[in-house]
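Please open the structure in a viewer and display the side chains. The tour below proceeds by selections, each followed by a short account of what is found there.

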Amino acid sequence: MHTFRRILCALVLLSPLAQAEEGMWLLDQLPLQALKDDYQFEPQPAWRERLQNATLRLAGGCSASFVSPSGLLLTNHHCIRQCLAQLSSREQNLFETGFQATRAEDERICPEVEIHQLIESSDISPVIAQVVKDLAPAQAAAAREAALAELQTSCAAGAPKLRCEVVSLYGGSRYALYRYRRHQDVRLAFAPEAAIAHFGGDPDNFSFPRYALDMSLLRIYEDGRPLSTPQYFPIKAAGARRDELVFVTGHPGATQRDLTVTQLTALRDLILPQRISYLAELRGVLRQFAQQGPEQQRISRREYLAIENALKSFRGRHTALSEPGFMEARVEAEKVLRKKAAKHKLLGPDSAKAWDEINQAQQIWRDIYAEYSMLELMRGYQSDLLAIARHLVRAAQERPKPDAERLQEYADTALPQLTQHLFSAAPIPLQLEELTLGWSLEKLREQLRPDHPAVQISLGAQNPMQVARDLVRGTRLHELDQRKALWDGGIDAINASSDPMIRFARLIDGAARAIRQRHEQEVEAVIARNSRLISQARYQVEGDSRYPEASFTLRLSYGQVRGWQDKGRQIDPFTSIAGILARATGQPPFALPASWSALGDGEELQYAMNFVSSNDIIGGNSGSPVLNREGELVGLVFDGNMHSLGGAYAYDGRYNRAIAVHPQAIRLALQSIYHANRLAEELFPRP
């Protein structure tokens, strides 16, 4: 039976333990009774407080955790690819050589890494309920959005090191205000070679057994000194035992477990196939480029690896949605909810209206998806320089407006992260810019057709590659002082600029804004309004017994260190150092770096390399700590198995597994392979 067809059977066959392990829980809403009944564990307030203070979020979409009292944090190697690329040069490729700061002063600033540490979250649902009380639906929606924007803005007013976010939970049945401490002085302390961090490459991605040292160490500085972090996760070198209860804390990006059937159908039939096709073609373009020489390989490697990972993930999700058993289960679940909503009038006299309006919005979404993705999401304009130009153009238009009226990416709370990116001193590879922009302009013409107004404006009678070449070679936006001058000069400087990339960004922005506005009004607003109603109905039926959808906010999942049965074969939960030596072929992606050739035949060959647990994770959990009952770090999440790819839509505790680096591998690497004594002693202090 196929993996995802088993999900249908799982509704009946799952053991109580496997069912209990599902969930990405808020720290103030843990399933305390289940933990007590199933594992005899009762988390105390101090335990939860430490989890909150020591678990971190990388603004780019990963998780991390403090692992020493001196601001040192542990995350994945693949989570800092951008930093490694920006710190690399023709003379020193950190993907090939790795990096180790022998002394504290050798730790190097990552130009665009921003870390968020959650200070507190508060329930603002009563405030919002009062704001919309007795208002008609349209008036309530406008009042709600204005109130949420005002709460978010006032929260961080006058505090540049604070980031505030309003988060919708249970589809708008609850709202929370999250306050984060923002850290932008983040420095690289250690990263192994990519050959060992991504050992096995794409063939091993989302699979197990696995043998990868996908780890890195960063340090947060404040006022030029390492940040004091008294609440951190000490590392237990021995790791976790087989069948031991373990927890994963982190920031899962987004699940879609409550989507309607028509929304899931659009993902299956339209969105995922187009994303897969686009990325597969772009991967081929980058592969050809990388074959031109070592420098081309270096400057394209970060994007190439990210595309490979995304492709495999999207294909796994598409497989899940394409299984008849999976979709049949969702159809039946939706029927049950609709019957309950109608019977108890949970959605008013016309209970079917919410689903009908979402269906209509999905049809509009299908009609405009190509335009929206090509123009507003810039898949027809694949260029870092053009993205910078758009930000400068739009920021000049948006910043003079009241905060609540701006596009959300230019709100006051978003500006520190945006300016960190815009004013990064990291080099921009112009040769790669020409290639990707020219290729994507060809895709723009292919997808929207030559007569489309946006295509005419972008290309006219010119060749896409020539347009890209003229823009990239004519712009000065790769110069930091030019970007700063345009930012500081505002709308007058933008209007007066003769920079071709700025002029092009102004030229194409009208069409992008128009399709964005249509999407927001005819698709996004309609779906949000009716999804909120459906979620409220579900919430009335299930209450807090169910976790809310993941939203890049702090969550906890629990499970056990255990393998699984696959086609009659038992998968052991651990791999060993000896296993990586047996798997090495000397040829990429199974070639060990030279540093690992020093491994002998001693007891270290029996040390654990990677392991799996039944924790419920999704994208965004990369870099999450795996913790035991005592709050000790016993692993570092870096991937999931192939079964977990359907975890965006459902969880099956019999098969879904999180994959983590074992502490024994981390200690062996730091102490014996890289001789990073300063960092090894900080992470594994002697008693």
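The stops that follow concern disulfides and nonpolar cores.

Before starting, note that this is a predicted model.

**The disulfides**

Begin by selecting every cysteine. How many disulfides does a search of the whole structure find? The search finds 3 disulfides. When the bonded cysteines are counted along the chain, their pairing follows the pattern 1-2, 3-4, 5-6.

Select C62 and C79 next. These residues form a disulfide, with sulfur atoms 2.1 Å apart. The pair links distant parts of the chain, 17 residues apart: C62 belongs to strand β2 (residues 62-66), whereas C79 sits in the loop between β3 (72-75) and α5 (81-87). Viewed along the S-S bond, the angle is -85° and the link of C62 and C79 is left-handed. Are C62 and C79 buried or exposed? Both C62 and C79 are buried.

Move on to C83 and C110, which are joined by a disulfide with an S to S distance of 2.1 Å. Because C83 lies in helix α5 and C110 in the loop between β5 (108-109) and β6 (115-123), this pair ties together parts that are 27 residues apart in sequence. The torsion about the S-S bond of C83 and C110 is about -70°, so this disulfide is left-handed. Both cysteines, C83 and C110, are buried.

Now select C155 and C164. Their sulfur atoms lie 1.9 Å apart, and the two residues form a disulfide. Here the torsion about the S-S bond is about -60°, and the disulfide of C155 and C164 is therefore left-handed. C155 is buried, as is C164.

**The nonpolar cores**

Leave the cysteines and select Y381, L386, L392 and Y649. These are the residues with the most contacts inside the largest nonpolar core, which has 79 residues. Which helix gives the most to this core? Helix α11 (residues 261-290) does, with 13 residues; select this helix to view its part in the core.

Keep L392 selected and display its surroundings. Leaving aside residues up to four places away in sequence, L392 touches L422, L477, R483, L486, W487, I494 and I502. Apart from the largest core lies another core, of 68 residues. For a last selection, take F190, Y558, M609 and I666, which are among the residues of that other core.

Technical notes: Residues are numbered from 1 along each chain as its sequence is written. This is a predicted model: local features need pLDDT of at least 70, side-chain atom pairs count only at pLDDT 80 or more; totals for chains, interfaces and linings use all residues. Side-chain values use heavy atoms; hydrogens and water are left out. A disulfide is a pair of cysteine sulfur atoms within 2.5 Å. Helices (H or I, at least four residues) and strands (E, at least two) are DSSP runs, numbered from the N terminus. Buried means under 20% relative accessible area, exposed over 50%, partly exposed in between (1.4 Å probe, protein chains only). A nonpolar core is a set of buried Ala, Val, Leu, Ile, Met, Phe, Trp, Tyr and Cys residues joined through side-chain atoms within 4.5 Å. Contact means heavy atoms within 4.5 Å.
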